Structure formats: C-alpha cells, structure tokens
Amino acid sequence: MKIVFNRQEISNKIAPLMSVVSGKSTLTAAEGILIEANSPDCCTLTAFDLEKGIKITVDADVIEQGSYIINAQKFNQTLRVMNGEEITLTVDNNLCVIFECGKSSHRTGALKAEDFPEIPDLQSEKGFIVNQAQFKKMLSKISYAMGVNEPRPVLNGCFIRTEEGKINVVACDGFKLAVCSAESELKKLENSDRGVEFSFIVPVKSVNEIVKLLSDDDDDTVTVYMSHKNMVIAFEGLTFFTRLIVGEFVDYNRIIIKNHKIEVKASKQDILAALEKASLITEERIAGSVRSHVRIEVCGDILKVSAVSSAGSIYDEFNIEHEGDDISIAFNNRFLIDSVRACRSETIKLSMSSPLMGINVEPCDEESGSELFMLLPVRTRD
C-alpha cells in the first residue's frame, strides 16, 4: 500500500478519530486506525473502541491499494513532528510502515486489516434527518444530568424520542433530571417507508462525542440511521457509530413534581453569580475536607445564598419575585449551577415545596419547546 496525503488535511481528519481510539485494550488492533485505500483518489480511516467508532473519508493519491492498521498514537505523533505539505505512507508485505515527508522518514509497524474489530452494520433503511445545531444544543443542555456509573444501565446515557414534528431528549441519574423538548422538522430517509418515530438510549461517552462533532450552523443537517442495537450519524464525509443501551428508560414524567407550593422568579445572571461565588467554598480542595453544599433561603422578596466549609464561608443576596411560603433548602452547588446554566432564558423559575422535595428549574420565556431541570436537595443537620 502506498498513499500520498496532504499533511495538514489528514492531521485535521485524525483529530476526531483519536477520541474513539481505545486507550487500554486487550485487543491491540483497537488501539489503531484502519486505513483502507481501495480507490484512486481517496481512502477511509476508521477507529473503533468496541463501543463507539468513527469512519472518515480523506482525499489522497493512492498509488498502491491496500488495507492495514497503524497504531493511532504513533500515526498522530508522526504527523505532528514532520514538516512539509505532503506525506507519503507506504506499507510493505512485511507490515513495515514508512512515513516520508520531504527529507524526513519514520518507520514503524502495522497490523493486518483482518485483525481490526468487527464493525457493526452501518447500513439501515430506518432513521431520520435533523438539524445539526438544534440536535447539538439539546444534547448539550441535558448532558450534565446523565449517569456515569449508575447501577441501572439505562441511566448511563441520554434517552431520545423522536416523533412527527418533535424531538425529546432526557437524562437522569440519582440526583438530577433534565428534560428538553422542541419542535423539529424531522425528515424521513429517502426511499424509506418508515416514519420518524423512534426511541433509544445513547451511552454517555457517545453523547459527549456527538456534541463535539456536530456543527453550530443552523443550515447543516445530520442523518441518523437506526437499528436495534446501534445508531449511526453521518454528515460531510464523517460517520459516527455507537452501540445503544438496551432497556426501558425510567418513566421520568412520574418523577417530575408538578404541583409545587413555592415559586421564585429571578435573574439567571444573579443566581449564577451568587452560586459561582459559593463554589469558591464548596469546591475548594483541602486535605481531609468534605465538599459542602450551598444553602438557598427565600425570605420575602430576597433570595439568600450561603455556604460554609473548612475553606471559609460566603454570603450573597438579591431581589426576586416570590409566591408562597419562605423556605430554606440546600443543594449540591455544582449540580445547581449546571441546572440553572442549562436554562435558555434570562429569567428563570424555581419551584419548590419543602427542604426534602426536589426543585424544578425552568425558563420563563415564551419560546416554543420546553425545558425542565429537576434537582434533589441535600439533607443537612442544621
């Protein structure tokens, strides 16, 4: 196999591949990139860590066709240190790899293409087309609430439900819940009789990678292909694929408290400013200390924010609109910051009932779609 690449172009293409290369795997081939040069003017690069993967098409001058696996870290590092516009990659029958760029050359080893992990079937007649920017924004909003090592596997990811004209994304762990719904012009796949009604759970690591890959451009779309165990997204010469979490997601509508007795409307910036000040105390890392909570006190038209830990104490207050009784309630400060920050509007609504019941954080604007972020309080002795 002999290929000539534009060094800068292939360096840019390899960057997303590195995020799905297996770091420590019992399968050596999973730590590499599969290079397939089967056409005269392009080649395909694939990385797969047995859970998620990326396949990218790169323009290249293919002098001799072939398919081999090259260690991803060595490939990436070699591209960085070499100078010149073009780089020639050669692999001989003895699995010896030679990188040549100008007067520089580097040798390493390769593996046979047959050793690469089996990639799931990326072809499907089921799926939908969605706006990239909208999909990315919705996943970004709820990503903080996804479980990581939850005993219930279905919570270690994002639940996505699509239907005609609407998309819903939900994340939930033992302490927080995030729900984001919006009107969306979902389109069905060409030559497909299947509609756009799907429900599936994407693992947390895959969601984070999807958010990094998707564009913020409102004119861009992404095609999502579905199967029973896998999801594939494709756009602009890049294909991302991931295994799905199999199981029934929790009935999140039953978890949400809908009839709170206390309602507070406040400036998003005022709340975030106070909570960020509290984070200087609650997130200070001192040997032997325990991360403390932040306390929220509603007293008439004043909201008080305070925190005390071995690192010191902090207090702040600001004006609010308040209906219902006064209340004093404590939360994990970082979780509360994430919930407030996810709200789209400049004025947010906090709904509460008691120091032992969860709080609802919602936007106050009139835009289409809906968002709700729920957080359980911290039980304290004081």
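Ile 302 stands opposite Asn 319 in β22. I start there, in a predicted model, where local features need pLDDT of at least 70, side-chain atom pairs count only at pLDDT 80 or more, and totals for chains, interfaces and linings use all residues. Residues are numbered from 1 along each chain as its sequence is written, and side-chain values use heavy atoms, with hydrogens and water left out.

The two strands here are β21 and β22, which pair in the antiparallel sense over eight bridges. On terms: two strands pair if DSSP finds at least two bridges between them. Strands (E, at least two residues) and helices (H or I, at least four) are DSSP runs, numbered from the N terminus.

β21 and β22 belong to an open sheet of four strands, in the order β22-β21-β20-β24, with antiparallel pairing. Its edge strands are β22 (312–319) and β24 (327–331), each of which pairs on one side only. From one strand to the next the twist averages 15°. For angles, axes are lines fitted to C-alpha atoms, for helices over the stretch in contact, and values run from 0 to 180 degrees between N-to-C directions. Helix α6 lies across β20 (294–299), β21 and β22, and runs at about 175° to β22.

Next, the other open sheet on my list. Nine strands form this one, in the order β15-β11-β12-β13-β27-β26-β25-β19-β23, with antiparallel pairing. β15 (198–203) and β23 (321–323) are the edge strands, each pairing on one side only. Neighbouring strands are turned by 15° against each other on average, direction ignored.

Within this sheet, β11 (residues 157–163) and β12 (residues 166–172) pair in the antiparallel sense over five bridges. Which residue in β12 is the bridge partner of Glu 163? That partner is Lys 166. Helix α4 (residues 204–213) packs on the sheet and touches β11 and β15, its direction making about 95° with that of β15. Contact here means heavy atoms within 4.5 Å. α7 lies across β13 (176–183), β25, β26 (359–363) and β27 (370–375), and runs at about 170° to β27.

Now the cavities. Rolling a probe the size of a water molecule over the atoms shows where empty space is left. A cavity is a set of points, on a 1 Å grid over the protein atoms alone, where a 1.4 Å probe fits but cannot get out; lining residues have an atom within 4 Å of a point. Grid points are joined across faces, edges and corners, and a volume is the space filled by probe spheres set on the points.

How many cavities of 30 Å³ or more does the structure hold? There are two, and the largest has a volume of about 80 Å³. Its lining consists of Ile 271, Leu 275, Ile 296, Leu 303, Val 305, Phe 331, Leu 336, Val 340, Leu 350, Met 352 and Ile 359. The elements giving two or more residues to that lining are α6 (268–282), β21 (302–309), α7 (333–342) and β25 (347–352). By class, the lining has 11 nonpolar, no polar and no charged residues. Nonpolar covers Ala, Val, Leu, Ile, Met, Phe, Trp, Tyr, Cys and Pro; charged covers Asp, Glu, Lys and Arg; the others, Gly among them, count as polar.

On to the N-terminal strands. A hairpin joins β2 to β3 through four residues, and three bridges join these antiparallel strands. Glu 36 stands opposite Thr 44 in β3. β2 (residues 32–37) is also joined to strand β6 (residues 66–71), by six bridges and again antiparallel; there, Ile 35 has Tyr 68 as its bridge partner. Five of the six residues of β2 are buried, where buried means under 20% relative accessible area, exposed over 50%, and partly exposed in between (1.4 Å probe, protein chains only).

In β3 (residues 42–48) sits Thr 46. Why does Thr 46 count as buried? Because its relative accessibility is 0%. Not counting residues up to four places away in sequence, Thr 46 touches ten residues' worth of neighbours, including Leu 17, Ile 33, Glu 36, Phe 116 and Phe 241.Last, two loop residues. Most residues other than glycine have a negative phi, and most peptide bonds are trans. Leu 95 has a positive phi of about 65° although it is not a glycine. Leu 95 is found in the loop between β7 (86–91) and β8 (96–101), and is partly exposed, with a relative accessible area of 23%. Glu 236 also has a positive phi, near 50°. Glu 236 lies in the loop between β17 (230–235) and β18 (238–243). Is Glu 236 buried or exposed? Glu 236 is exposed, with a relative accessible area of 64%.

Key. On a 1 Å grid over the protein atoms alone, a cavity is a set of points where a 1.4 Å probe fits but cannot get out, and a pocket is an open set with protein on both sides within 12 Å along at least five of seven lines; lining residues have an atom within 4 Å of a point.
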